[in-house]
Amino acid sequence: MAFRIPPFCSLQGNSFAMPVQLEARSIQPGTAEWTHFLDMNFTYMSESWPDKVKEESFKIEYEQTLRNRYLQGGRGLFLHYYQQQRVGLSNAYITEEDKV
């Protein structure tokens, strides 16, 4: 599935939505941001699927899986920032038509 990262997202409060611009930074294995990406990803997965993601061994195996996918190409890994704060991540499969 191909998709584009929208330039604006909404942060919703009690009764309003405010458009904000997020900065997407491409990351790669072995960088300082790689560790942040893995930590955020693991937190998301363990909160979403607590019965499936329990052990440290999962984190090690998942890191190797992501590293291999990245090295095979066609994978975009991004950390998203709002006012210099990490607020999200994305793991995108990038097709040739997306590279235009």
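This passage describes the fold, the nonpolar core, the backbone outliers and the salt bridges of a predicted model.

The structure is a predicted model in which local features require pLDDT of at least 70 and side-chain atom pairs count only at pLDDT 80 or more, whereas totals for chains, interfaces and linings use all residues. Residues are numbered from 1 along each chain as its sequence is written, and side-chain values use heavy atoms, with hydrogens and water left out.

The chain contains 2 helices and 5 strands, where helices (H or I, at least four residues) and strands (E, at least two) are taken as DSSP runs and numbered from the N terminus. Along the sequence these elements are arranged in the pattern β-β-β-α-α-β-β. Of the 100 residues of the chain, 22% are classed as buried; with a 1.4 Å probe and protein chains only, buried denotes under 20% relative accessible area, exposed denotes over 50%, and partly exposed covers the values in between. The accessible surface of the chain, computed by the Shrake-Rupley method with a 1.4 Å probe, amounts to about 7200 Å², and 51% of this surface belongs to carbon and sulfur atoms. When contacts (heavy atoms within 4.5 Å) are considered between residues at least 6 apart in sequence, 54% of them join residues at least 24 apart.

The largest nonpolar core is made up of 12 residues, namely I27, W34, F37, L38, F42, M45, V53, Y62, L66, L77, L79 and Y81. Such a core is defined as a set of buried Ala, Val, Leu, Ile, Met, Phe, Trp, Tyr and Cys residues joined through side-chain atoms within 4.5 Å. At least two residues of this core are supplied by each of α1 (32–48), α2 (56–72) and β4 (75–82), and the greatest contribution, 5 residues, comes from α1. For F42, a member of this core, the contacts that remain once neighbours within four places in sequence are set aside are those with V53, E55, F58 and K59.

Positive phi values occur at two residues of the loop between β4 and β5 (85–93), Q83 and Q84. In Q83, which is not a glycine, phi is about 50 degrees, and the residue is exposed because its relative accessibility is 62%. In Q84, likewise a residue other than glycine, phi is near 70 degrees; with a relative accessibility of 61%, Q84 also counts as exposed.

Side chains of opposite charge can pair when their charged atoms come close. A search of the whole structure finds 4 salt bridges, each defined by a side-chain nitrogen of Lys or Arg within 4 Å of a carboxyl oxygen of Asp or Glu. One of these joins the side chains of E23 and R25, at 3.0 Å from N to O, and another joins R25 and E33, at 3.4 Å from N to O, so that E23, R25 and E33 are linked in a network of salt bridges. The members of this network are partly exposed, with relative accessible areas of 36% for E23, 23% for R25 and 21% for E33.

A further salt bridge is formed by the side chains of D39 and K59, at 3.0 Å from N to O. This pair links distant parts of the chain, with D39 in helix α1 and K59 in helix α2, 20 residues apart. Both partners are partly exposed, D39 at a relative accessible area of 34% and K59 at 24%, and K59 is also among the residues in contact with F42.
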